[in-house]
Amino acid sequence: MNTEIIKISANDGAEKYEKAVELLKSDNIVGMPTETVYGLAGNALSELSVKRIFEAKGRPQDNPLIVHISEFDEIYDLVSEVPEIAKKLAEKFWPGPLTMILPKSEKVPQCVTAGLQSVAVRCPSHKVARNLIKYSGLPIAAPSANISGKPSPTKAEHVFSDMNGKIPLVIDGGESEEGVESTVITLCGETPKLLRPGNVTLKELESVCDKVLVDDAVLNPLKEGEKVSSPGMKYKHYSPNAKVTILKGDYKSFCQYVNKNNSPETYAMVFDGEGENLQVKFITYGNKNDYRSLSNHLFDCLRELDNIGAKQCFVRCPQETTDDLAVLNRLLRAAAFNVINLNKKTLLGLTGKTGAGKSTVSKYLKEKGAYIIDGDIVAREVLVDNAPLLNKLAESFGKDIFENGVLNRKKLAEKAFISPENTKLLNSIMHPAINEKIQTEANEAFKTHNVVIVDAAAIIESGYADTCDKLIVVTAPEEIRKERIIKRDNISEKDAIIRINGQKDDNFYNDKADYIIRNYEPFSLEDEIAQLINDIF
Ligand code: TXA
Ligand code: MG
């Protein structure tokens, strides 16, 4: 089959439509421009036309079509009832990018609604689409005119590229103004529910409906076996051949990440004015602060990735406001929900037995950009000018732990470590105070850092490990640890052994660990830490 393209503009007369009308009336299908995206149009009342639509798109049989009308009154033929809210919505948003789902009439064939008892109806605002419907005198079933799974077409040439040889005609009515498909709302339940976000925004819908529910599938992947409100949501969508990854976070972090993961045929999809500092090729998809400009170019850009042979594409994430859901909704599907949060704040605990080499690891992570909180320093500082805490210590261990009003740490230690009960008592006083101070410092550090590491020997005992997102445990064999502390603290072998024996066993640490770093020969610290760096930084 030869696929012809005919240009029709808004002011052209009926004669321009003759060929298309003839095709529609004889159960053939044609590419039709609309203000959202191009549609694959056929007679909604003809089973043969509908069958041809499904075939040309390669569309799964259980995904229903939208029926297009040119005037509101045509809806009465298609649905079994028109609730007040539908009239109000139509008054405000029709003709335009809003699709309403209502209980279907007898007249609408099951194949259009894929067996559902409801039908999706839309009155497009594009002059050429409305004229085509009017001149043909038919309700027009039209899904987006792409091959199923591909980005929707916003230009006649996109339709041609997907449908060449499969359909007789594409009407070229210029580039689609909106760029994303219509908003889909169902009015079949008790409360209206948004099934697909589009350029009639949630806020605009709420201005008419009081309350609008948002279907879970709008921004979340379907869970296995979950029932969908709209069959279209369960399919892979809008996908170019390239693997798409959405990167959340600031531009600087975006560049760092992309440059680091720069393999052949990697592209970036960024906002207007960006691209500097990127070591990969890039395309821009609109003004960061103008959501409309993003929705206009989105599908064109996704198609462009195929044209230029991209294998991998990192996309700047649009702002996430509840009113601008459409672009994010389409991008999430294009990326198969593959999203990386670059600015995620991570709190890591770092611990290990004495001499295992926590500080070596901590120094290394600091160089990678982490903020380090040293538990020993906090434990000392927490006692400075802290009258309530000092009073508690005096009550428990006697006033003689003070000399001339100053805490004698050595004396406190002697008293506290004389028995397990006393050690427990000291910890029950000190740990909550230390934890609180660590938390305050961590909150402050997160203002400037994404990764904060709490380096503390007793982080498991104090309970703070449970607050951390992940726990790193540094290990080394006993002999090595002994040598290290003899050297580091200038103590005798006997004292070193006493200290080592006073510690918990390996399982106590390893059971809680998310990462175990073997900090001794023949292991290289770089290798041991690579996974952690990859996951967190
Ligand atoms: O902007 C648009 O809506 C474009 C232009 C061509 O009008 N059309 C379009 O159609 O996007 P399509 O088929 O690509 O998407 C229709 C969506 C699908 O997700 C489908 O599952 C859903 O609407 N849908 C159709 N009828 C439905 C029904 N009765 N109940 C629930 N969802 C329905
Ligand atoms: Mg579609």
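**Exercise 1. In which helix does Arg333 lie, and what surrounds this residue?**

Welcome! Keep in mind that this is a predicted model.

Step 1. Find the element: Arg333 belongs to helix α10, which covers residues 325-334.

Step 2. List the neighbours, leaving out residues up to four places away in sequence: Arg333 touches Ala217, Val218, Asn220, Met233, His237, Tyr238 and Ser239.

Step 3. Look for a charged partner. Side chains of opposite charge can pair when their charged atoms come close. Arg333 is buried but has no salt bridge, and the nearest side chain of opposite charge, Asp215, is 7.2 Å away. A salt bridge needs the nitrogen and oxygen within 4 Å.

**Exercise 2. Find the side chains that make polar contacts with ligand 1.**

Step 1. Start with the surroundings: there are 25 residues around ligand 1, and Thr36, Asn63, His68, Ser182 and Gly232 come nearest.

Step 2. Check the oxygen atoms of the ligand. A polar side-chain atom of Asn63 is 2.6 Å from one oxygen atom of ligand 1, and for the side chain of Ser182 the distance from an N or O atom to a ligand oxygen is 2.5 Å.

Step 3. Now try nitrogen: Ser118 has a polar side-chain atom 3.0 Å from a nitrogen atom of ligand 1.

**Exercise 3. Is Val452 buried or exposed, and which residues does Val452 touch?**

Step 1. Locate Val452 in strand β21, residues 451-455.

Step 2. Read the accessibility: the relative accessible area of Val452 is 0%, so this residue is buried.

Step 3. Collect the contacts, again not counting residues up to four places away in sequence: Thr346, Leu347, Leu348, Tyr371, Ile373, Ala442, Ala445 and Phe446.

**Exercise 4. Trace salt bridges that link distant parts of the chain.**

Step 1. Note the total: the whole structure has 25 salt bridges.

Step 2. Take Lys155 and Asp300, whose side chains meet at 3.0 Å, N to O. Lys155 sits in the loop between β7 and α6 while Asp300 is in helix α9, so this pair ties together parts 145 residues apart in sequence.

Step 3. Go back to strand β21, where Asp455 is found; its partner Lys358 is in helix α11, 97 residues apart. Their side chains meet in a salt bridge of 2.7 Å, N to O, and both residues are buried.

Step 4. Compare with Arg488 and Asp489, whose closest N and O atoms are 3.0 Å apart in a salt bridge. Here Arg488 is exposed, at 52% relative accessible area, and Asp489 is partly exposed, at 29%.

Note on methods. Residues are numbered from 1 along each chain as its sequence is written. Chains are lettered from A and ligands numbered from 1 in the order in which they are written. This is a predicted model: local features need pLDDT of at least 70, side-chain atom pairs count only at pLDDT 80 or more; totals for chains, interfaces and linings use all residues. Side-chain values use heavy atoms; hydrogens and water are left out. Helices (H or I, at least four residues) and strands (E, at least two) are DSSP runs, numbered from the N terminus. Buried means under 20% relative accessible area, exposed over 50%, partly exposed in between (1.4 Å probe, protein chains only). Lys and Arg count as positive and Asp and Glu as negative; His and the chain ends are not counted. Contact means heavy atoms within 4.5 Å. A residue is near a molecule or strand if one of its heavy atoms lies within 4 Å of it. A polar contact is a pair of N or O atoms within 3.5 Å; within protein, one must be able to donate a hydrogen and the other to accept it, and residues adjacent in sequence count only if both atoms are side-chain atoms.
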